[in-house]
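Q: Please take me through this model slowly, and explain the reason behind each label as you use it.

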Amino acid sequence: MPTYDLVVIGTGPGGYVCAIRAAQLGMKVAVIEKNSTLGGTCLNVGCMPSKALLHASELFEQAGHSFEKMGIAVPAPKLDLPSMMNFKQQGIDGNVKGVEFLMKKNKIDVIQGKGKILGAGKVEVSGAGKTQLVETRNVVIATGSDIARLKGIEIDEKRIVSSTGALSLERVPGKLLVIGAGVIGLELGSVWHRLGAEVTVVEFLDRILPGMDGEIARQFQRVLEKQGFKFKLSSKVTGIDSSGKTLAVKVEPASGGVQETIDADVVLVCIGRVPYTEGLGLQEAGVTLDNRGRVQIDQHFATSVKGIYAIGDVIAGPMLAHKAEDEGVALAEILAGQAGHVNYDVIPSVVYTTPEVSSVGKTEEELKQAGTNYTSGKFPFTANGRSKVNQTTDGFVKVLADAKTDRVLGVHIIGVEAGEMIHEAAVLMEFGGSAEDLARTCHAHPTRSEAIKEAALAVAKRAIHM
Ligand SMILES: Cc1cc2nc3c(=O)[nH]c(=O)nc-3n(C[C@H](O)[C@H](O)[C@H](O)COP(=O)(O)OP(=O)(O)OC[C@H]3O[C@@H](n4cnc5c(N)ncnc54)[C@H](O)[C@@H]3O)c2cc1C
């Protein structure tokens, strides 16, 4: 008899949530983690530390620039970076301890070490100089992702950093060059920009936030430029000379052409993330990967080997913590004989900058490409009472609905608190709701969420406050 019903390799949001749900459903569960702390990328070097720094740096910025206009006279704020980093670390520690507590509460064994799959039902764990064999009915690969590297550019995590190094810089760089205008690059760029760095973002594509709604991304770029960000789109970094006191970054047009050199104190390489399967023994175990190195699964998260499953960043789909969590829950329920399911059409996505950007469902580009006949309703925060009194009027809400059925297909928001506001749209879409449903739902006044109701009204050209 195997010791466990389920062994989960990796304790990121995918792995630890899967373990908890499986334990709730009566399974005997163990998790294996190679790092000294639980919680994976998200808790240790991802979502949580970045949000702590975004929060602290936003307040620093507000204290310096926004308080005065509200009649709050304070001296210019002084940055104490070690204390800000300490604030970040306290947040990480609190969350990591929370996961440890949840493991104990759910009677989940935590096995410290690196897991290697020897075959169906067998995982070898090596750590602290010893190796043990763990036997289980089912294995879940939840080993997440790692930073993507740029050929010829060596990350030293001091001057040329990944997101991990950018979360722990010892001083504010005078000039920060960010390679990649995706979510993580713009969030971390915002942190250091608010703390005083000059930020230049170099992006290979001709737009920022690839994959998000184009109109929203264009507006977002304008707002960031107003804040002082510089963008070099359709451009590529071809090398960095690090021999001098400042880094000499070679940049040229994406399609080739005249090269220029941009000086930077720190370069942040943020060109995406790749699935992490190193040392897992997948090839020997017969687990098939796809052409991008992700573990290949069927619609029930099953790999090519019976009894071995995979979830989270290591499989296809958006690399987001909540997507990994939902997959963890769905898989545990499937293993328990229930109908676990993830609705990939309704996975919200948020950029936690100022203003925030959030979206759920299809973008206009996707609808056009699919030939869907849709209608669009937009409402700007300049016409929303609460935003006006708070003087936070940048941005708008866009609701996209099927032209025939009025079913909401996508909602996109740029504006302060957009990340919290998106969820009413997600709930509506889960229930197959229409723009009319959204428009007839009473929204508390005065809230920024009224802009969502107005955008839904605008789908039928009957917004009230515009
Ligand atoms: C800077 C940054 C900011 C981010 N911000 C957000 C955000 O705001 N919102 C959001 O939704 N997502 C965000 N993400 C993405 C998010 O962190 C990931 O989508 C999420 O962590 C994926 O969860 P996971 O469980 O699949 O894997 P991970 O969190 O990567 O966890 C995998 C775990 O597996 C362990 N592991 C790997 N191999 C082995 C092995 N062989 N044996 C034992 N253990 C192993 C690793 O040590 C790790 O702890 C951010 C990422 C970064 C880098």
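A: Helices and strands here are DSSP runs, numbered from the N terminus, a helix being a run of H or I of at least four residues and a strand a run of E of at least two. Proline 446 has its place in the loop between helix 13 (435-439) and helix 14 (450-459). The model is predicted, so local features need pLDDT of at least 70 and side-chain atom pairs count only at pLDDT 80 or more, whereas totals for chains, interfaces and linings use all residues. Residues are numbered from 1 along each chain as its sequence is written, and side-chain values use heavy atoms, with hydrogens and water left out.

Q: What makes the peptide bond from histidine 445 to proline 446 notable, and which residues does the other bond of this kind, at proline 355, join?
A: The bond from histidine 445 to proline 446 is cis, with omega near -5°. A cis peptide bond also joins threonine 354 and proline 355, where omega is about -5°, and proline 355 is found in the loop between strand 18 (349-351) and strand 19 (356-361).

Q: Why does glutamine 221 count as buried?
A: Buried means a relative accessible area under 20%, exposed means over 50%, and partly exposed is anything in between, with a 1.4 Å probe and protein chains only. Glutamine 221, which lies in helix 7 (residues 214-227), has 15% relative accessibility and is therefore buried. Setting aside neighbours within four places in sequence, glutamine 221 is in contact (heavy atoms within 4.5 Å) with Ile208, Phe231 and Leu233.

Q: How do you know whether glutamine 219 is buried or exposed?
A: Glutamine 219 is also found in helix 7, and its relative accessible area of 18% falls under the limit, so glutamine 219 is buried. Not counting residues up to four places away in sequence, glutamine 219 touches Gly395, Phe396 and Ile414.

Q: Why does glutamate 157 count as partly exposed, and how does glutamine 391 count?
A: Glutamate 157, in the loop between strand 7 (145-147) and strand 8, has 30% relative accessibility, a value between the two limits, and so counts as partly exposed. Glutamine 391, in the loop between helix 11 (385-390) and strand 21 (396-402), has 52%, which is over the upper limit, and so counts as exposed. Neither residue is a glycine, yet glutamate 157 has a positive phi of about 60° and glutamine 391 one of about 55°.

Q: What makes helix 3 oblique to helix 4?
A: Axes are lines fitted to C-alpha atoms, for helices over the stretch in contact, and angles run from 0 to 180 degrees between N-to-C directions. The axes of helix 3 (residues 47-65) and helix 4 (residues 81-105) come within 9 Å and cross at roughly 140°. Angles under 35 degrees count as roughly parallel, over 145 as roughly antiparallel, 65 to 115 as roughly perpendicular and the rest as oblique, and the crossing angle therefore makes helix 3 oblique to helix 4. Among the contact residues are Met48 and Leu53 of helix 3 and Phe87 and Ile92 of helix 4.

Q: Why is strand 8 said to stand at the edge?
A: Two strands pair if DSSP finds at least two bridges between them. Five strands form an open sheet in the order 8-15-9-10-11, with parallel pairing. Strand 8 (160-161) and strand 11 (230-232) each have a single partner strand, so one side of each is left without a neighbour in the sheet. Two bridges join strand 8 to strand 15 (residues 266-269), and valine 161 has leucine 268 as its bridge partner in strand 15.

Q: What is the strand order of the open sheet with antiparallel pairing?
A: That sheet has three strands in the order 12-13-14, with strand 12 (235-241) and strand 14 (260-264) as the edge strands, each pairing on one side only. Six bridges join strand 12 to strand 13 (residues 247-253), and lysine 236 stands opposite glutamate 252 in strand 13.

Q: How do you know that strand 4 and strand 5 pair?
A: Five bridges join strand 4 (residues 114-119) to strand 5 (residues 122-127), which run antiparallel, and the bridge partner of glycine 119 in strand 5 is lysine 122. Their hairpin has two residues between the strands, and glycine 121 takes a positive phi near 80° there.
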